[in-house]
Structures are given as structure tokens and as C-alpha cells.
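Student: Could we go through this one together, starting with the overall fold and then moving on to some helix packing?

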Amino acid sequence: MKEKKAKRIVYRSEREMPLMVISVGSQTHNLTGAWRNIRPEIDLEKCLKCGICWKFCPEPAIEIVDERPVVDYDYCKGCGICAEECPAKCIVMAEERK
Amino acid sequence: MKKVIMGNHALSYGAMLSRAQVIPAYPITPQTQVVELLSEMCASKTLDAKFIKVESEHSAMASCISASAAGARTFTATSAQGLALMHEMLHWASGGRHPVVLGNINRAMAPGWSIWTDQNDSLSERDTGWMQFYCSSNQEVLDSVIQAYKVGEALMIPAMVILDAFALSHTYEVVEIPEQDKVDAFLPPFKPEIRLTPDDPHAFGGLTGPEHYFELRYKLQKDMEKAPALIEGTGLEFERLFGRRLGLVDEYKCGDADLLFVSSGTAGYTANVAVDLLRDEGIKAGNLRMRVVRPFPFETVRRILGKAKKAAVVDRNISYGHHGIFYQEVKSALYGVKKAPPVFGYITGLGGRDITPDTFKEIAAHALAKDGPDEEIVWIGVKR
Amino acid sequence: MKKDKKMTLTLPAEELMSPGHLACQGCGATLAMRYMLKALGQRTVLCIPACCWAVIDGPYPYSCLDAPIYHCAFETAASTATGVKAGLEMTGDTETTVVAWAGDGGTFDIGIQALSGAAERNDDIIYVCYDNEAYMNTGIQRSSATPYGAWTTTTPVKHFKDRPKKDIVAIMAAHRIPYIATASVSHPEDFVKKMKKAKAIKGTRFFHVFAPCPTGWKSRPDDSVKLARLAVQNAYFPLFEIEDGEKVTINLKLKEKKPVADYIRLQGRFRHLSEAHIAAIQDEVDARWARLLKSC
């Protein structure tokens, strides 16, 4: 499988475009974190390592790094499902600092 | 090998010899024999293809399109109401650049229910980005299917092979069935550069904004503009292999004609007969049969009609509120051509009413009696 | 943090969906896609008609999925999938799973003819309907999947929808296809398990997936999973599977059903409903649940 380009693609001419309407890049250039007005903050001291926040993230913008959940704020849209579903209640949705 | 077959079976043989791989089809009169024979060929393994018994023409074209996207050569056939139901997907096939080949049996549109021929079904799809080949014999039907794949796959543009209901679809003629290995040499397997596969995952046909859509349509038109030369080129290559020429038009005694018929379909063959009868009477008639309507063969039409003294365009179709469709097209091609002949427009044969040599003689008498057209539509054979 | 505890993920770790996509906050349909791809893996072709996912995936020339997609016409999810399967097989690929992925409008309404055709032929595809109970992508118009009582932009409060949701699962069961399952984004383990089971079956497989839509349901984005869970727990959307059109298995047996009012009251689209309306909904849910238990 080829790696897709994560950058924004700007075709300057029809000659650069493939014949068919096909994707050649990923959507990861689109930093949806800008949509957010509340942000999840995880208190790792209280984390049960259950993975539920990771499981229910619709982006997904929660990665598991060294057995801990880490929010990718570049993409997190601030829906709050992780905070709502966390059984330890260790995620709070804080006002976004802009 | 020579065989006596009906026009519908000529389509089936064309698809078989082209080694169509996926054939989704839905029955409609007068197309049924096309798909009946193909389903038998698939069942008996004469043809290694998947025959999908879809529940509508709309699904037939949708399945053709996606199978083509997956890299398979696809074929289907329909007529009139079925073609109209496919309309949305016809745009999809050309816009997605999927070289599907479709056999369409020209049949008049309902209501009232008609199963007899006229061209309004296929000409209503003129602007969908498909190539259109109008045939006048069963041999031409078979040969055109093979040529349509060759040209369509080179340009990634779909193509319709069109024949008249009953006048051709159910008429038996002697047809030379080419040998498979010779067809294989002419038409190699379909191998699109980009196809739908997990090995190289792409999203096909996603949301396309104003910054890109325009260029994609520009490319389609530019490729369509390459089609006339390619059709002539593949026609010559076909002639070298099979001895039969497949050009953009079919000229019959055009060189010295005082009156040139512009015709299409089986009426285009009848016109040749009329030309000979008129010449017996001392009238120098000729016939330009339009074989390819999209892409429109501008240069060829200008070259041939530019030398004619008078032209009579015979339309088995009508654009309500305008004129006969071929008449409009021919006039637009001649616009600005110096010494262009007067062009007369005749509408006849709608809903399967016969077009006979006498029809052409009546047209000739009308056109020769006048210096130029004094009305845009001359109706031939309508009961008034 | 509990230092000694090992983290065990209950779903496959592989992510075939990457962020940056265009779904609204708290989108259930997006979770459904993520879970399905975790179950099926990369050798999957998706056929997506007009629906929210036609937009979520990203505009040309981008895609947020690592699986190939054919964006198809609204009513052609099933017939497109049929064609892809045939095309792949004729070009030597018999392994790839072909999925039609459509919303409720594309399934219950405009796409039902092609779906019925494919199911009757038992074409070798998985058809997934992610159901958010209205035409959400076009701006919340009612579909035949919209439930009784709901507000939409075409069923305004004064004329809220007064007909029940179409029973698509019963329609599909009547086709006697080998496998049908309901699934909910609140129960991803169950969803993944059934999707893996479906992958191993040949023929037409149908999934009806409950996918809350905060935008269209006028609910809080953080309530999406909770709403889906409540709908399972109160039998508004029970989890079950049907094999060969006959053998019904309830995946999550409910000892005690929660009242539907808790679910209804969390959504703005039902705000206008009176106690009597909600009681009518409760009666309908009870009757459906009793029928389901009887069919097992």
C-alpha cells in the first residue's frame, strides 16, 4: 500500500490532475482541532487504563502511547464523548484557550 | 465464418468476441435476444463472464460502471425506457471515465407504448459524454462493438452501439463472424492504469468543488476531440485485419451529387437504394450516412457537404420546439462554411412508421423543386 | 495512575480511518465506520452513495480512509457493490470484501430496489446501513427510517412524523439472506464480532447500525454513545442477528428494560412530545420487543 500525501494538494493545471476523480492524499492536512471550543484534559493519575476514551473517539484523536491515552489536539473536535464515557471520570472538558 | 443472425445477436457476438467480463442486464423489448444469447454463452462457458440479472436498467448501468472501475470489461444492452432510466448513470459512466459499451435498440418513447423504432431515446442521451455509433447492418453492429471497446478504452470514454428496433434488431442478415484470435490481436485485454483495488486504495468520485470540477470536464472534452481521428485510425486497422472499413461516416455516390441525403441507421441503407433509383431516373443523388454522431465528425461533414449542391437531412427524431436533431447538427457544422449548400430538414418515420425508397424520392422531389428551404421542418408521411 | 495494570484494548488496534475528516462533533456514523474497518481490515472496497459519508470522507483529491472507495449514485449502493465484486473476481481478486455503506435514506427509501435485487440474487456483498433516522446530509429531512414523533425540517413540530419507522430488518429477513445483524456504536465489541462473523459468510449480509446524530437529533455531542446505549438497553434498538432469514439470536438479553422516556428526553427532536405520546412510543417498543422474543 502506498503512503498517501498528508499535505494540501493544489493542482495548478489540468495536466497535473489524474484522468479520474480519485483521491491521492489523506485528509490529515485538515486540522479539525480548530473547530473545538472545549478541550478534553486527562488526569492520568486517575486513569484506569481501560481504553474506553480511545475506543469511543469518532476522529480518532486519542492515541495510546506507552499505555496511556494521549489527545491529539490537532484533530480533537471537542465533542466530549471521552469525558462522558470515562468510567474514572478523569477527563474534564475545559474551556478552550484561544 | 459466415452466419445468418439477427441484429440483436450481432450485439451478443460482438460482446462475446470482445471478451466482455461482466454483463449486468435487464430485459426490454426489443432488446431481449441480446441478453438471452449472452446469458446462454455465460452458462455454457462459451464466454467467461459474469452475467448479473439485475432488477432494473439503472442497476445494470451502476454495476457496469463499478465493475469497469474494478478493471473488468463490461457490456449491457437496453432500449428506450430502459435507456431513459439509465440516464443518471450514463453521466456517471462518462464522468467517471469508465469505458462501458452499451447496445441500444432505438425504440420510440412512451406514451403511448411503442416498441417500434425512432431515435429520440438515444438522441436524448446525446449530451451525456458517450460516443454514439449508429448502425445500418448487422455486420456493422458486430464490428462496431469491437471498435467501440478499442476506441473507448484508449480514451476511457463509454460508447453506445445503436440499431433500429425490428428493422435491424430482429432482421436476419448474413454476418461474417470474425475469428477470436484475430479479434484478440485487434483488441487486447482491458488494463486500466487506475482501478478500484485495495492494493492501491483511492476514493473514486468524491466531492469535487468548483476549483477542480471544471478541469475534469475539460479533460473529457479534450479526449472526446481525439476520438474522430482514433475512430478513423482504428477503422483502417480493422479493415487491414478484417477487410471491412469502419469510418465516421459512410459515403455513397457523394462526389458528383446534385442532392445529398444525410441519413442514419437503417434508413441510411434505404437511402442508398433510393440513390440508385433516382440515378436511374437521371437525378444525381448521393447519400452521406452518419455513423458516428458523438463525437460529431465536423471536418468530414464540412468536407463532403461543402462540395454538395443541396443537402436533405432526414431525421427519424425531433427536438420538440426546435427541429430535427441531425438537421440542427448539420446546420451548426456548416455555419460559416463558404459556399455551404442549402440544407433542407425532413422529419419522417417516427414511432416505427416505414421509411422506404419512396420516402426518399418524395424528399428528393421536394428539395429539387426549391432553391432553398422555406420552412425548417418538412414532414414526410404525416397524416394531416 | 495504576502503574501495574496493563492496558488491554477490546478492539483491534489497526486504524484505517485517519482524523481530519469532515464529520460533525460526536458523529455516530463515523464511529460506525471506524469499527467496521477494524473488523474487516484493509482488503475491503467500500461503495458509498450520497449520504453523510460522501462528505465525511473528504473532498477530491483526499480521503480519510485507507480502503478504496467508490462514491456512487444515491440509489446504487447495492448494485455498485455487486458490480465491484463481479469486476474484482473477473480480474482475479476473490478475497476482497465488498461493502455497500449507505445511510438510512439510501437504504430504506431510494436504494431499497437495488438492495432488494442484490439480496434476492444473494450477491456476495456486505450491505451496511448506518441509520441516523433522517436525511442528515441534506439538512435533516424525514426518511422512512425517521421514528414516530420526531421533528425534522420536513416534519415540523405541528406535523411531526405520525407513522412508525419502516422495519427494514424484517424486509431483509423476508429475502432469506444468510446473515442479518443489528449493531450499535455503543457496543463496538459486539459490532466487531458480528462483522468478523459476517466476513466469513458468503452471500448477502445486511447490517443495520444505530448511529446517533447530534446535529439532527438536537442532542449533545457528548451524549452520542450514551444515547445509542440507552436505545439498546430500552429495546428501542435491540441487538440481534438473523441467520438464513429465520434463526433469530438476541445478542444482548435485557433482564430489565429501561424506560424510553430517558432516551427521548435527551433529544431536542422529541421535545414537543407529551407524556401520552411518549407512552405510545413505550407501548410500540414493548410490542416490538415482545415480538422479537417470540421469534427466537
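Tutor: We can take chain A and then a pair of helices in chain B, keeping in mind that this is a predicted model.

Student: Fine, so how many helices and strands does chain A have?

Tutor: Chain A has 2 helices and 5 strands, and along the sequence they are arranged in the pattern β-β-α-β-β-α-β.

Student: And is chain A compact or spread out?

Tutor: Chain A is more spread out than a compact globule, because its radius of gyration is 17 Å, well over the 13 Å that the globule rule gives for 98 residues. The C-alpha trace of chain A spans about 55 × 35 × 20 Å along its principal axes.

Student: What percentage of chain A is buried, then?

Tutor: Of the 98 residues in chain A, 43% are buried. As for contacts in chain A with a separation of 6 or more, 58% come from residues 24 or more positions apart.

Student: Switching to chain B, how do α9 and α12 cross?

Tutor: The axes of α9(B), residues 265–280, and α12(B), residues 357–368, come within 8 Å and cross at roughly 60°, and the two helices are therefore oblique to each other. The crossing of α9(B) past α12(B) is right-handed.

Student: Which residues make that contact?

Tutor: From α9(B) the contact draws on B:Thr270, B:Ala271, B:Val273, B:Ala274, B:Leu277 and B:Leu278, while α12(B) contributes B:Pro357, B:Phe360, B:Lys361 and B:Ala364.

Student: And by class?

Tutor: The contact of α9(B) with α12(B) has 8 nonpolar, 1 polar and 1 charged residues.

Note on methods
Residues are numbered from 1 along each chain as its sequence is written. Chains are lettered from A and ligands numbered from 1 in the order in which they are written. This is a predicted model: local features need pLDDT of at least 70, side-chain atom pairs count only at pLDDT 80 or more; totals for chains, interfaces and linings use all residues. Helices (H or I, at least four residues) and strands (E, at least two) are DSSP runs, numbered from the N terminus. The radius of gyration is taken over C-alpha atoms; the globule rule is 2.2 Å times the number of residues to the power 0.38. A residue is buried if 20 or more other C-beta atoms lie within 10 Å of its own, exposed if 12 or fewer, and partly exposed in between; C-beta atoms are placed from the backbone. Two residues are in contact if their C-beta atoms, placed from the backbone, lie within 7 Å. Axes are lines fitted to C-alpha atoms, for helices over the stretch in contact, and angles run from 0 to 180 degrees between N-to-C directions. Angles under 35 degrees count as roughly parallel, over 145 as roughly antiparallel, 65 to 115 as roughly perpendicular and the rest as oblique. A crossing is left-handed if the near helix is turned anticlockwise from the far one by less than a right angle, and right-handed if clockwise. Ala, Val, Leu, Ile, Met, Phe, Trp, Tyr, Cys and Pro count as nonpolar, Asp, Glu, Lys and Arg as charged, and the others, Gly among them, as polar.
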